[in-house]
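Colleague: Before I rely on the labels attached to this model, I would like to hear the reasoning behind them.

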Amino acid sequence: MSAGRHRMRTNLHAATAAAAVGVLAVTAGGWFGYQQLAQPNCSGRIELSVAVAAELAPAVDAAAARWVKDGAAVGGTCIAVNVAASDPVDVAATVAAKHGVTLAGVGQASGTSVSPDVWVPDSSTWLLRLKTGGATAFEPGNGASIARSPVVVAMPEPIATRLGWPQKKFSWTQLLQQVQSDKPLRTGIVEPTRDAAGLSGLLSLTAAASASGGPDAEKEKVAALRALATDRSALRPDLLARFPTASDPTTIASSLGAAALSEVDVIQYNSKKPPVRLAALYLEPAPAPLDYPYAVLPGIEPAKAAAARVLYEVLVTDDFRDQLASRSLRAPDGNWGAGFDAPQGAPSPAGGAPAPPANGGGSAPGGLDPQAMERAVSSWSIATQSGRMLAVIDVSGSMKEKVANAGNATRQQVTVEAARRGLNLFDDSWSIGLWTFSTQLVGARDHRELLAIGPLSRQRGKLEQSLGSIRSSDGDTGLYDTVLAAYQEVQENWEPGRVNSIVLFTDGKNEDSDGISQQKLLGELNKIKDPERPVQVVIIGIGSDVSKAELKSITDVTGGGAFVTEDPTKIGDIFLKAIALRKAPA
């Protein structure tokens, strides 16, 4: 047997089978534990902690139980396996904190959370979000799928029947038409920043909204986001409770009419014999399924990594396929084992090849575009939260520089267009103001107020006009004076219960010889900042002349963040990401 591959030991190996006895312990917290009692011929014990999405945890639990009973060992060392039914968002928060990053909408990890050795979330999107979110050292081993559940649109059967189910095939474009009709279908979603099925549905619906590529594509996308947001829920059980609780037409009409969920959600919901069953609509093009990647987390000791590799072998057997079927889950290739009860309209068992591992190599699993996913998460976060913000745009002479990969538009034009597109995501509950800055724009003052901070509900048109009026000056970059003045402005009329923030775009270092120094700026910010009235500062640096260290010295004092790109065409995505990562008030 090679050193890198250890087969599980079976009852045929009587001598080693007696090496361990598995004892199952189930606690009120939902943890499944296997404590292995080492016998004299065990040289030690490896304790492997495995966090698994709740719907899959019982199947992994049962497979691990049999493995331990048969004498699970690696190189003469016995293995104890602790399987935890864990919400993927909670583990994601813990892993993100360990790698020093924050994921939009995920929140902070609890102080008691511990990163597992092996993580089986419900979707590879969690692994991709960590990687693209800044956890550059996050390189989980394996990442191959061990189960699958397609993402469907769940719809009360009476509504689905009226639309032609189960004979008719539906597309996301057709669903979008239902959502945006004169009598819109009431559509809900579990927060896609916290739920993989919700995120998959969001990606498909926004792709359908953007598919036309016409002048109204952006508006349709924003409208779709807001339609979903009206019936969003942070918790899946809460969303499921909004489906009809009685079969009369009035109740059906006033209840939730559609939601992106997993196939296993629909099967389990219907198994409880609700008053109105749910139909599972398999829309085309098929959204990314839940693919349950087996991720060995980086940094664990080699012995545990070896044990994790052996446990993976246990979870790709025919017996495990049948265990999945008993839990209403498919095998990674889309086929199913004995006992699986497929919903009406379900695609054939030949559901496609499993997604490639999400281990940082090759293409993203399921054809997912990490940048598109991050853009969708950021857009959702902005479109569904409220805030108060002052946007500040550099108009110094260097902003006239042309950008070759943007059709020779100037940095100024690219920046204004990115700001315009981003601000269009903000709904009328936001309050927005707009400044420009250079040097000596208004007498000796470096900034000019184009629009005072106020509700978009009454000044959206003025904001569009103000953005359209922006032109570059011949001045330099009066960064420090502007940051201090903007901070004072936002702090003066600070509003409780909202994120009060500044977003500043610049393509250069401070060049104002008549203004305050960096030391003076940081000293003043430290003096006036108030933990009870926080103002977060987000600075987006454009081009090679920007000093990230200079920008970060400011945001280290104020909170927020500094983002730098040498490619001006990327600032739209950076703007969305930066806004989405702002921390809501406690």
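The exchange below takes up one strand and one helix of this predicted model.

Colleague: Why is strand S14 called mostly covered?

Modeller: A residue counts as buried when its relative accessible area is under 20%, and in S14, which spans residues 387-394, 8 of the 8 residues are buried, so the label follows from that cut-off.

Colleague: Which residues of S14 point one way, and which the other?

Modeller: Gly387, Met389, Ala391 and Ile393 point one way, while Arg388, Leu390, Val392 and Asp394 point the other way, and all of them are buried. In a regular strand the side chains alternate between the two faces of the sheet.

Colleague: How do you know that S14 pairs with strand S19 and with strand S17?

Modeller: Pairing requires at least two bridges between the strands. S14 is joined by 7 bridges to S19 (residues 499-506), with the two running parallel, and 7 bridges also join S14 to S17 (residues 431-442), again in parallel, so both pairs satisfy the criterion. As examples, Leu390 has Ile502 of S19 as its bridge partner, and Ile393 has Thr436 of S17.

Colleague: What makes the buried residues of helix H18 line one face?

Modeller: In H18 (residues 518-528), the buried residues are Leu521, Leu522, Glu524 and Leu525. Viewed down the helix axis, the buried residues fall within an arc of 160°, and therefore they line one face of H18. The face turned away from that buried side carries Gln519 and Lys527, which are exposed.

Colleague: Which helices do the buried residues of H18 pack against?

Modeller: They pack against helix H17 (479-492) and helix H19 (548-558).

Definitions and conventions. Residues numbered from 1 in each chain as written. Predicted model: local features only at pLDDT ≥ 70, side-chain atom pairs only at ≥ 80, totals over all residues. Heavy atoms only, no water. Buried < 20%, exposed > 50% of the residue type's maximum accessible area, 1.4 Å probe, protein only. Helix = DSSP H or I, 4+ residues; strand = E, 2+ residues; numbered from the N terminus. Arc of directions from axis to C-beta. Contact = heavy atoms within 4.5 Å.
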